[in-house]
Amino acid sequence: MSEHAVEHGHAPAHRVAAESHHPGAAQYIVIAIVLTILTVFEIGVYYVQVLQPVLVPLLIILAAAKFALVAMYYMHLHFDDRVFSALFLFPLSLAALILFSLILLFTYLSHHLVL
Amino acid sequence: MAAQPKAIPIERASYLEGGGIYGWLTTIDHKRIAVLYAVTAIVMMAFGGIEAMLVRTQLMYPENNFLSAHTYNQFFTMHGLTMIFLVIMPLETGFFGNFLIPLQIGARDVAFPRLNALSYWIFLLGALTMNFGWIWGGLPNDGWFGYANLTERMYSPGLNIDFYDIGLLILGVSSVMSALNFFVTIVNMRAPGMTFMRMPMFIWSLLVTVILILLAFPALTVGLIFLFMDRYFDTHYYRVIAGASPILWQHLFWIFGHPEVYIMILPAFGMISEVLPVFSRKALFGYPMMAYSMILIAFLSYGVWGHHMFATGMGPVADATFSITSMLIAIPTGIKIFSWIATMWGGRLRFTTAYLFAIAFVLQFTIGGLSGVMHASPPIDLEQTDSYIIVAHFHYVLGLGALFAILAAFYYYWPKITGRLLNEKLGKWHFWLSVWSFNATFFPMHFLGELGMPRRIYTYAPNMGWDFWNKWETLNAYVIAVSFILFFINIYLSLTSGERASSDPWDARTLEWSVPSPPPEYNFAAVPTVISRDAFWVTKYGSVEAPGSDTGPPMTAPALVDLSKIHIPAPSLYPVFIALGLFGMGVGMIISWYRMVLIGAALLVMSAIAMCFEYPNWGEENEHMVAESFLGLDHRKVGIWSFIGSETVFFASLISTYMVYKSRSMGPFDAQILNIPLTSFSTFVLLTSSLLMVLALAAFQRNDKFWGTFWLLGTAFFGCIFLGGQVYEFGDFWLEHGMLFNSNLFSQCFYTLVGFHGFHVFIGVVWLIVMAIAGIRGKIDSRRALSVEMAGLYWHFVDIVWVVIFTLIYLMRTVKGA
């Protein structure tokens, strides 16, 4: 726990104010309904044979939408200081880079080497 | 819940005075913790140095029998591990970082003082775990890189690799905790007016370094967890026979390992950037470019890991990509070198020992950097890899580079840390002996490499043409030892009879020199307001470019403030208990004493909960802290987001492995057994729990304690349902499909990934229940809503990780993977 108090204030007022603008219960419930609908779509898409050729992009779009909704509204990135968005999005980009790099590198490996 | 701690008195003049041994055990003062890091790292340096001497003695003659091959492997491995993880990193980040960050940014301590103490004690016990093999079972013996599959139980049946694996896991926990703490401190606790472009360059270097630690260590952690699974649960993460690839370890290790190189060298850059301007009596040349190049180096360092793996056959596209990014790093590094030279150019130079070490760093690091550029080229690298040229390269970068920078900073900051001066005459003897002996030891390694001597061999035939240089290097390595003996004598003489230092003995430029030497416990009587870069210099002379005075700094009047109003946080013993718990778990696991594991776990959990509630105002919104922080944000919230950022890399590494291995696996396959209806239900449950979590937060924010507690319990309940579903699913796979943890690549990756997510859910449930109990007892109200928000952020993160897992692992089960 942090327990330091400095003797003078210098934080920009708008930053402090931004903290208190979280949504209320009604908006949270709306988001929950949207998330439920998206999940139903996801599962539905999985079972519909005709959509199998576009299954991967569809699922990724739906998952990305859910991911974004939770991050923006439940985790308040849409309302809070942008510093928090940066703290999340930069590592997320790096994580995506690692994921894609390893998949590509091992795809090459499995096609060219026994190991 | 612990008794309410009392604030300690602040009348003490120096942070070093008072408290006795108990005071040092329970300290949470960043300066004392820095000293603890320094003492530990110097003891470890002695160990690492002795190991190096033994290794060199073995190589002195061809076909030497001084050490057996097995013992040699242990010593060269421990030398590398010790110097990297137990000397250079703790000295740069733990010692100088701890001591200087608050002093240079004008703060009274770090953001989370208890976490800081915890980091140190975990570091100490991690170091002991790594060295436990001296008395039981043998030291790590597979190189600091621990290449798979030599680390597998079938090739390394002893405990050596277990000490490596679990020791590094524990040290990683310490490093990430420190990094998180320093990140929040630098970002949010700077003195008024200290914008990013006014920060001392050492602070810049540490800011970038801790970001690297936060985002690089998780990949190593995942690699080490896989190794742990292979050794303890007979999985096949690195076993070719099961379709796995040992190359996976290399990727995970070097995704961490190359940023690790910059974790060691960037603080060195920062230290040099502090020393050179002071003794050149000029402002640092090209400050903005110096800062931007540091950022660019860090950014690029994530895209260069493959240059350690050219010999594994990654293919022309990957080779070219990693080669280009590796070569690009030379540009920002070159900018720094030219800026240091330009800083010295035209200055009024004072050749103190600190300055000499700094100049030597610039020259010698450049030599190491140039051979580094060569290795960025795949054809050249293929010839030189695993030869002594590589040994020469990294000793120039880290031995003559990072270590010389540490020595420069040591001579420079010693008066501030201890209040006494080091003997300059002895210091210069130390310097010249070091320059001679380090260069005489490591430069000929280039020749040996060109003559074909491979690294890591414990002996060689007499007719290889390597005899002379090996004997020469060994003799000069002994001279390195002599130079360090002089250094330690100098330290001893300074501590016992050294000349007293003034607060500003070097006529320095940054804020730490404006406080007494050694500093008082509270650092600054009045927190300074910064109006310019080189804040202290400007206070003394009026402008950054002012020439200064040959007769020393002008006197500055002490600030008159009421010291009794300064709050100093109380000490705590819990960090020691938590670290002991972790140590007990680690060592108990290695030596198969499972009672010790359980006792360690219990000690850890109980101490952690007790530490969280140690403060009577735990979780309370601290309006002063928020309003007075640099960004106007709560430290804890910045901290939890930084932690979540680090966790994304952890899960990305786990998910990557699943994706890579699933198509290599032999049956049963994911498409045959994954239960979509069950996990769809689990997904709804977890999403619903997230709704309840935000409803709990909203209730507490409007001071509705009943509904806040109700929704918290509801969230925990849904979390339990989710966990129950997972237990059912695992049981079903086991009983119905016979899929054990180590049945095939799919099963081990699945159980590990989903299991780790489940473990995160479990931690979240425990957190929520603890919060709910506090809510039932009426301890949570709108002023403590932040503590609910923190738990919520963690919970939602676990939720979005599941969103990814559900899609990639379950719904895409029929999609052919990589």
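This passage describes how chains A and B meet in a predicted model, and how chain B is divided. Residues are numbered from 1 along each chain as its sequence is written, and chains are lettered from A in the order in which they are written. Local features need pLDDT of at least 70 and side-chain atom pairs count only at pLDDT 80 or more, while totals for chains, interfaces and linings use all residues.

We can start with the meeting of the two chains: 59 residues of chain A are in contact (C-beta atoms, placed from the backbone, within 7 Å) with 69 residues of chain B. The chain A side divides into 41 nonpolar, 12 polar and 6 charged residues, where Ala, Val, Leu, Ile, Met, Phe, Trp, Tyr, Cys and Pro count as nonpolar, Asp, Glu, Lys and Arg as charged, and the others, Gly among them, as polar. Helix 4 of chain A gives the most to this side, with 20 residues; helices are DSSP runs (H or I, at least four residues) numbered from the N terminus.

Helix 4 of chain A has 31 residues, so at 1.5 Å times one less than that number it should span 45 Å, in agreement with its end C-alpha atoms, 45 Å apart. Its buried residues (20 or more other C-beta atoms within 10 Å of their own, C-beta atoms being placed from the backbone) include Phe84(A), Leu94(A) and Phe106(A). Their cover includes helix 3 of chain A together with helices 6, 7, 9 and 21 of chain B.

Chain B itself is divided into domain 1 (32-550) and domain 2 (662-811), with bounds from an automatic or database domain assignment. Their C-alpha centres lie 40 Å apart, and the contact takes 9 residues from each domain.

Key
Helix = DSSP H or I, 4+ residues; strand = E, 2+ residues; numbered from the N terminus. Buried ≥ 20, exposed ≤ 12 C-beta atoms within 10 Å, placed from the backbone.
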